[in-house]
Amino acid sequence: MELDLAGAELKAVLNRLRRAQGQISGVIRMIEEGRDCEEVVTQLAAASRALDRAGFAIIATGLQQCLTDTGGSGASPEDREAMRVRLEKLFLSLA
């Protein structure tokens, strides 16, 4: 399954990943500086949410593409089921 992110979708995913990257850098800096545990955990949770949102956006785009690709192309029921299983596995990997 190949993912084709275009335009606004790609920009949104990249923004979320960059935000998470910045938050993770901030967490590392906070730990090195000996900052308060609660502050560190709060920032770590924010980074985790940003990564999750990027992953869900990618999966949603993949799901939309797969439905479009397999829905009208005469794909066999076995192919559609295999794709459903793969997408479900990806989705659950983020849960």
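Guide: Helices (H or I, at least four residues) and strands (E, at least two) are DSSP runs, numbered from the N terminus. This is a predicted model, in which local features need pLDDT (the predictor's confidence in each residue, from 0 to 100) of at least 70 and side-chain atom pairs count only at pLDDT 80 or more, while totals for chains, interfaces and linings use all residues. Residues are numbered from 1 along each chain as its sequence is written, and side-chain values use heavy atoms, with hydrogens and water left out.

Visitor: Which pattern does the chain follow along the sequence?

Guide: The chain contains 3 helices and 0 strands. Reading along the sequence therefore gives helices in the order α-α-α.

Visitor: Which element of the chain has the lowest mean pLDDT?

Guide: Across the chain the mean pLDDT is 81, with 83% of the residues reaching 70 or more. Among the elements, α1 has the highest mean, 89, whereas the lowest, 77, belongs to residues 77–94, which form helix α3.

Visitor: Is Q23 buried or exposed?

Guide: Q23 sits in helix α1, which spans residues 7–32. Leaving aside residues up to four places away in sequence, Q23 is in contact (heavy atoms within 4.5 Å) with Q43, A46, A47 and A50. On the scale used here, under 20% relative accessible area is buried, over 50% is exposed and values in between are partly exposed (1.4 Å probe, protein chains only). Because its relative accessible area is 17%, Q23 counts as buried.

Visitor: What is the distance between the C-alpha atoms of I59 and F91?

Guide: I59 belongs to helix α2, residues 37–71, and it is buried, with a relative accessible area of 13%. Not counting residues up to four places away in sequence, I59 touches L90, F91 and L94. Although I59 and F91 are 32 residues apart along the chain, the separation of their C-alpha atoms is 6.7 Å.

Visitor: What share of the contacts with a separation of 6 or more comes from residues 24 or more positions apart?

Guide: The contact between I59 and F91 joins residues 32 places apart along the chain. For the chain, pairs 24 or more positions apart make up, of the contacts with a separation of 6 or more, 75%.

Visitor: Which helix gives the most to the nonpolar patch?

Guide: Patches are made of residues with over 30% relative accessible area and no salt bridge, like charges being joined within 9 Å and nonpolar side chains (Val, Leu, Ile, Met, Phe, Trp, Tyr) within 5 Å. Here L10, L14, L17, I24, I28 and L51 form a nonpolar surface patch with about 440 Å² of accessible area together (Shrake-Rupley method, 1.4 Å probe; for residues, only the protein chains shown count as cover). One of these residues, I28, is partly exposed at 46% relative accessible area and lies in helix α1. With 5 residues, the element that gives the most to the patch is α1.

Visitor: Which residues are joined into one network by salt bridges?

Guide: A salt bridge is a side-chain nitrogen of Lys or Arg within 4 Å of a carboxyl oxygen of Asp or Glu, and the structure holds 2 of them. R35 pairs with E33 at 3.6 Å, N to O, while the closest N and O atoms of R35 and E39 are 2.7 Å apart. R35 is partly exposed, at 40% relative accessible area, as is E39, at 35%. Through shared partners, the salt bridges form one network of E33, R35 and E39.
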